[in-house]
Amino acid sequence: MADLLAQGEQPEHRWRRSLPEGAEVVLGRASQGWSVPWDPQISRRHAVLRFESGKLLVEVLPEAKNPIFFRGRQARRFWLQVGERFVIGQTTFTLLEPPQTVFHDAGAPLHQHVFSTGQLWETRFGYPDRRIEVLSRLPEVISRATDNEELCIALVSMLLAGIPRASSAAVIAREATPEIGAAPSGGPRTGQALRILYWDMRSLGRGVFSPSHRLVEEALSGRQSVLHVWQPPGMVRGGKGQTAVAEESWASEPAKRHAEISTGHPASQTGEIQSLTYYTSSPGVHWAFCAPVPGQPGDDWALYVAGHWEESDPLGKEATLVHLLREDLKFAEIVAATLASLRQLRRLARRQAALRQFLSPVVVQSLVAEDWERLLAPKETEVSVLFCDLRGFARHTEQSQGNLLGLLARVNQALGVMTRQILKEGGVIGDFQGDAAMGFWGWPVVQQDRAIRVCRAALSIRRHFESAAQDPGNPLAGFRVGIGIATGPAVAGKIGTEEQVKVTVFGPVVNLASRLEGMTKILRVPILLDETTAAEIRRQVLPEVARIRRLVRVRPYGMVSAIEVSELLLPEGEDPILTNKHVEIYERALEAFIAGSWREAYQWLHQLPPEDLGADLLTVFIAQHNRTAPPGWDGVIKLDVK
């Protein structure tokens, strides 16, 4: 295994990724996991990388627009040894041995400081221009991350860019892990462990990255930023009255190290520390701080930054060195707060994505803006309900006894057509019943144009199935649909029992829509409307979008009241059978039929195309009664079946 380090012109234009043995990846400006978005001279797909036997094979892809330079020359295919590098545009890629990473239980620090957010916000930034520039790019850089790994890479790069004093940075998480043995209840024990999600060093040649376990735990447990100083400025290089400890000796000793420094002056006279006992958690690390990322309990992330003192850092008392690091810690807390906000947005996005499997987009959008308990509470409102059922399902079930899973896949595709059209027009999916779907409009928000929406949804569903019928190879071939639409008052919202609920609609209008859908089989038309819906469509919808034909007045089976039923038709230009003139002739026939002038009605009906199945009910009914209305005729046909 090896690491590939990418470094662009800006300090934050950087990442380090592991290359497992045998791994093959595509490097480019828009390559998943291996993207270099900061360099416009790198193509979307620029090169293929393959790590084998400790070497990296680099091959330029044909679509790459700019060359790769290796050992000062252009190259299209070459092997990279550990320690070597290649360049594309303004970005250098270096193959490195992965440094070791391990937590250490560092001893007590020389200085420990705990800071609240309020204390840090009172701190003034040093070199604010640079920090503000980095912070201004932070939301965009982080938002480009496609997963947690990309996110952590971006964060660590920003920390190193905004804290020049830092030599290393990391994102660390505390996660639940199983423990050896059994819990008293008999189940496995669980504990918590720290895991480094991503880390990087400004100079990977500095050795092992070994964060302090103690420091991270103190910050996460207290939910406050904590600073540990193991060695103040000046101690490693010596000074008047001090015993010098060379940095080389620290690099050669174990990671956890104890030393004693004497100033040679009594503390009471100088105000300095007379005898210091300190520890360091890794070679060359003099200080480190940890800023917890705000979040929910059990969702523990922290930003860890460590560094060493440089010759330019001033000697001084504890207050001086703490102030130097306090500015850096404030910057880290701003990054942590930005990260927390982004993670919250991502959680909301994931929840919305999950909710979309159960709730319609219009409901999900409303839940974001309003209190969900109030929004989902059942309330009475005016709705338009659409019932859509498959025709031919029973026959297909018989024919598919040996392949029920295949039939289920076809039915799911059919339900998908219904669902997509309902949702596309801003409807809510209220229920699935076998091979039928129910949608409704008018909740959770009032939709003044719901007649237009339900009209477009119904006609789109019809078009999809009629188009599929023309292609024998289409999975939906052989299926037809019946659609019933009704409008009226109903109760919509969260309906059910304490044990189980669903978001749906309840009321007589739902039963009526279901009845109308069933009546499409009797009247032999694809889409039926109740009188209220038909009136709204006539008022709101242009003939170029849809047409209405009054079909008949009926008394459905089991119902006392009669209803007027209308057919929703395609626009004249799309209808292969009925012209506007035909619709006008049929309605004249209907008026004569209701008035009892059946011979006149019969004459009008015979002027319609023989393919007009919607006219058959009146034609057959008149013929069965010898073209004469019975005594007491009220213009209503009684249906003997559902």
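**Exercise 1. Phenylalanine 78**

Task: In this predicted model, decide whether phenylalanine 78 is buried or exposed.

Solution. Start with the relative accessibility of phenylalanine 78, which is 6%. Buried means under 20%. Phenylalanine 78 therefore counts as buried.

Next, place the residue in its strand. Phe78 and Leu80 point to one face of S8 and are buried. Arg77 and Trp79 point to the other face and are not buried. That follows a general pattern: in a regular strand, side chains alternate between the two faces of the sheet.

**Exercise 2. The sheet around S8**

Task: State which strands form the open sheet that includes S8, and which of them are edge strands.

Solution. Take the strand order first. Four strands line up as S3-S4-S5-S8, with antiparallel pairing. Now look at the ends. Strand S3 (24–27) and strand S8 (77–80) are the edge strands, since each pairs on one side only. From one strand to the next, the twist averages 25°.

Then go to the pairing of S8. Its partner is strand S5 (residues 55–60), in the antiparallel sense, over four bridges. Two positions can be checked by eye. Valine 58 stands opposite phenylalanine 78. Glutamate 59 has arginine 77 as its bridge partner in S8.

**Exercise 3. Aromatic pairs**

Task: Classify two pairs, phenylalanine 70 with phenylalanine 78 and phenylalanine 209 with tyrosine 304.

Solution. Ring centres must lie within 6.5 Å to pair. Planes under 30 degrees apart count as stacked, and over 60 as edge-to-face. By this rule the model has 15 aromatic pairs.

Phenylalanine 70 and phenylalanine 78 lie 4.3 Å apart, centre to centre, with 10° between the planes. That pair is stacked. Phenylalanine 70 is buried too, at a relative accessible area of 10%.

For phenylalanine 209 and tyrosine 304 the centre-to-centre distance is 6.4 Å and the planes make 80°. That pair is edge-to-face. Phenylalanine 209 sits in the loop between strand S13 (188–201) and helix H4 (213–222), and tyrosine 304 in strand S18 (residues 300–307), so the pair ties together parts 95 residues apart in sequence. Both residues are buried.

Finish with the wider grouping. Phe70 and Phe78 belong to one aromatic cluster, together with Trp15, Trp34, Phe86 and Phe93.

**Exercise 4. Arginines over rings**

Task: Which tryptophan ring does arginine 16 lie over, and which does arginine 17 lie over?

Solution. Arginine 16 lies over the face of tryptophan 199, 4.2 Å from the ring centre. Arginine 17 lies over the face of tryptophan 15, at 5.0 Å. Trp15 is also a member of the aromatic cluster.

**Exercise 5. Aspartate 575 and helix H15**

Task: Locate aspartate 575, then describe how H15 packs on H17.

Solution. Aspartate 575 is in the loop between strand S26 (563–569) and helix H15 (580–595). Its relative accessibility is 12%, so it counts as buried. Leaving out residues up to four places away in sequence, aspartate 575 touches Arg547, Leu569 and Leu570.

Move on to the helix pair. H15 and helix H17 (residues 616–624) pack at about 35°, with axes 11 Å apart. The crossing is left-handed. At the contact, Tyr586, Leu590 and Phe593 of H15 meet Leu618, Phe621 and Ile622 of H17.

Conventions. Residues are numbered from 1 along each chain as its sequence is written. This is a predicted model: local features need pLDDT of at least 70, side-chain atom pairs count only at pLDDT 80 or more; totals for chains, interfaces and linings use all residues. Side-chain values use heavy atoms; hydrogens and water are left out. Rings of Phe, Tyr and Trp (its six-membered ring) pair if their centres lie within 6.5 Å; planes under 30 degrees apart count as stacked, over 60 as edge-to-face and the rest as tilted. Buried means under 20% relative accessible area, exposed over 50%, partly exposed in between (1.4 Å probe, protein chains only). Helices (H or I, at least four residues) and strands (E, at least two) are DSSP runs, numbered from the N terminus. A charge sits over a ring if NZ of Lys or CZ of Arg is within 6 Å of the ring centre and within 35 degrees of the ring normal. Two strands pair if DSSP finds at least two bridges between them. Axes are lines fitted to C-alpha atoms, for helices over the stretch in contact, and angles run from 0 to 180 degrees between N-to-C directions. Contact means heavy atoms within 4.5 Å. A crossing is left-handed if the near helix is turned anticlockwise from the far one by less than a right angle, and right-handed if clockwise.
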